[in-house]
Number of protein chains: 2
Amino acid sequence: MALNLRIPGPTPCPQEVLEASARPMIDHRGPEFREILLRVTSKLQELYQTKNDLFILTASGTGAMEAAVVNTLSPGDKVLASTIGEFGDRFIQIAKTYGAQVEVLRTPLGKALDPDTLRKALQAHPDVKAVLITHNETSTGVTNPLEGLAKVVREFDKLLLVDAISSIGSIPCRVDAWGLDVVTSGSQKGWMAPPGLSMVSMSARAWQAQAQAKTPRVYFDLAAAKRYLERGQTPWTPAVSVFYAMDVALDRIRKEGQENLFRRQARLAQMCRDGVKELGLSLFPDEAVASNTVTAVAVPEGVDVERLRQLLAKEHQVVVAGGQGSLAGKLFRIGHLGYCTEEDIRGCLAALKATLPRAGFQAVGAARRSG
Amino acid sequence: MALNLRIPGPTPCPQEVLEASARPMIDHRGPEFREILLRVTSKLQELYQTKNDLFILTASGTGAMEAAVVNTLSPGDKVLASTIGEFGDRFIQIAKTYGAQVEVLRTPLGKALDPDTLRKALQAHPDVKAVLITHNETSTGVTNPLEGLAKVVREFDKLLLVDAISSIGSIPCRVDAWGLDVVTSGSQKGWMAPPGLSMVSMSARAWQAQAQAKTPRVYFDLAAAKRYLERGQTPWTPAVSVFYAMDVALDRIRKEGQENLFRRQARLAQMCRDGVKELGLSLFPDEAVASNTVTAVAVPEGVDVERLRQLLAKEHQVVVAGGQGSLAGKLFRIGHLGYCTEEDIRGCLAALKATLPRAGFQAVGAARRSG
């Protein structure tokens, strides 16, 4: 039985993507890698729906978030950092560590940030330089209404840094149309490649901020990345095999068509949410803002989620994610971004159905189902 | 004809290493990855010849150098940074960027740092907190006498940060026996795996410095790495496929035996140096300190090194590296670290012999050969 990896990244990779990652090494400063780098960059710009500069870093998504912060802010800069969960908190931690004065705009877990709430916060703090937003909060399974939020940020003409790591490539995130200044992502999410690369796009407004930003930076310095990209290189040795994988994975996405992919992701997510409720379980987030890339399920009274996860893995080869940080034990998460089929979701739901009672699930669920 | 990749990293990977890197994704916070992480860490400690903590970062070697600096120094700390080439200069750049007060100890290109010179510099600057040393300088093909240099640093009881990216795993670098505090390396060098991971070991003395170091850090924070490693995880999503590759590559090294490997590397290097001189070419560095991982060859009068490299690649599938920075056009470099055989060196030398005259090489070389 093949592993049904239902976590919100690393996502399973199509066989041809895995095979591509096994290609022999080449000179990372030679003409062949140059072509790959320029090609992958250009495909990503297309899928980011942007004409902005885009850089591919050898780092995980958190590295790209750090790049977003250290390239645009100076110690002492005031920023408005919204958070709706663990990854919003991580963005805050990065900004604070590098000396930003952070106004935190916190939304209760399981809910999305409302554009009007953001507007009021910006009215209360007109002196902030930048706004930090998580597009899709993997820890709670919530998608923020980024288009509306970005519109508010544009009203106030602030710099907008977006953690789109678990959104872009899977759900609409239209960088230029929505005016997103700095947008991060990671190879192991919707792009269906192994982890090891992360991406960050930079608008003209972001470059203006970059020219003034005094936070020290070397490894994540995007000015160096830009200088090297002009000659078809990266400043530091890149994760060549993940580039091979991305090259093939992005072709697959372009062949499916990005809007078709968005529709497929939405369909899989709906199927997952419906199936979970059918089992008598409840979603953790408000359903209206539930993510199309990951479904967070509230752990019912009496259920030992660690035992549930162990049984799912051991007996059904289904791997779901637990809760992170303060959410440990309170929810589990089913990833359905990237390379995922209806069959995968059905298999996951069937395994849940078979396993839940042995993890302490009470019949009340069954009652609710027919209620 | 297979590519004869003779650059000092990425090095060619054995077929079983490439195949391993194509394995399907798994949960990076699950039991299977935990085992891989602990196993690879432990094998690396063995090959580092250390009982110190060792962390594997998803980043290239420059990221590990940055980790070494930001985890042990505070802005304003005085450091003695030795440099014998481009990578020493990079270490200096990182230390300066993060606010260290850097005393530069520069050795002419092509030569190694003499322990007595280091002793005098430390006598002249008794207030430095740390010493920065490049073990093997890839840009000039020189190996520093690290054992002797480390002994001097120990006399003065300073913290010793070592860039061992192109040395450890290929030539002796005995971390505990020599008292090296922070030692960096990269997966794509002697370890024979694809790029994407870098390593850094931390001595007890380094941890003491870490506890006081005020340089901001998130992505490269080794305290976070330590906390997560205790539960068999990395703080941020790791480059899983490069871990698969490292796991297999390190077994290969252990099977050969590390001392056998060091002898093989020395033999290949000698063969390369002899062959190059036989062709009438000169080594760039002093032969007494010439590296056993990369041979830097001085570009003879009249030779167009870019044309030479193009002909080698196009007609012989032999890829050698050019000169970096100020050394562009002055030398070319033949890598022989990692997965390399006598046949590879012979092929490279034969291709050079066939190609050199067409790149402008004069008969004076032939004369010298018989002189």
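## A tour of two matching chains

Begin with both chains in view: in this predicted model, chain B can be laid on chain A with an RMSD of 0.0 Å, by a turn of 180 degrees and a shift of 0.0 Å along the axis. The two copies are therefore related as by a two-fold rotation axis. The same surface serves both copies, since 100% of the contact residues of chain B recur in chain A.

**Select chain A.** Colour chain A by secondary structure, and you will find 14 helices and 13 strands. With a radius of gyration of 21 Å, close to the 21 Å that the globule rule gives for 371 residues, chain A is as compact as a globular protein of that length. If you turn the chain along its principal axes, its C-alpha atoms fill a box of roughly 60 × 55 × 30 Å. Buried residues make up 58% of the 371 residues in chain A. Of the contacts in chain A with a separation of 6 or more, 74% are accounted for by residues that stand 24 or more positions apart.

**Select the side of chain B that touches chain A.** Here 46 residues of chain B are in contact with 46 residues of chain A. The elements of chain B that give two or more residues to this side are helix 1 (15-20), helix 3 (61-72), helix 4 (86-97) and helix 10 (240-256). Which helix of chain B gives the largest share of this side? The largest share, four residues, comes from helix 3 of chain B. Coloured by type, the residues of this side of chain B divide into 25 nonpolar, 18 polar and three charged.

**Select helix 10 of chain B.** At 1.5 Å a residue, the 17 residues of this helix should span 24 Å, and its end C-alpha atoms are 25 Å apart, which agrees. Is helix 10 of chain B mostly covered or mostly uncovered? Helix 10 of chain B is mostly covered, with twelve of its 17 residues buried. Among these buried residues are Val240(B), Phe243(B), Tyr244(B), Met246(B), Leu250(B) and Ile253(B), which you can show as sticks. To see what surrounds them, add helix 10 (240-256) of chain A, together with helix 1, helix 2 (31-48), strand 10 (197-202) and helix 11 (258-278) of chain B, because the buried residues of helix 10 of chain B pack against these elements.

**Finish at Gly257(B).** Just after helix 10 of chain B, Gly257(B) takes a positive phi of about 95 degrees.

Notes
Residues numbered from 1 in each chain as written. Chains lettered and ligands numbered in written order. Predicted model: local features only at pLDDT ≥ 70, side-chain atom pairs only at ≥ 80, totals over all residues. Rg over C-alpha atoms; globule rule 2.2 N^0.38 Å. Buried ≥ 20, exposed ≤ 12 C-beta atoms within 10 Å, placed from the backbone. Contact = placed C-beta atoms within 7 Å. Least-squares fit on C-alpha atoms with pLDDT ≥ 70 in both. Nonpolar A, V, L, I, M, F, W, Y, C, P; charged D, E, K, R; others polar. Expected span 1.5 Å × (residues − 1).
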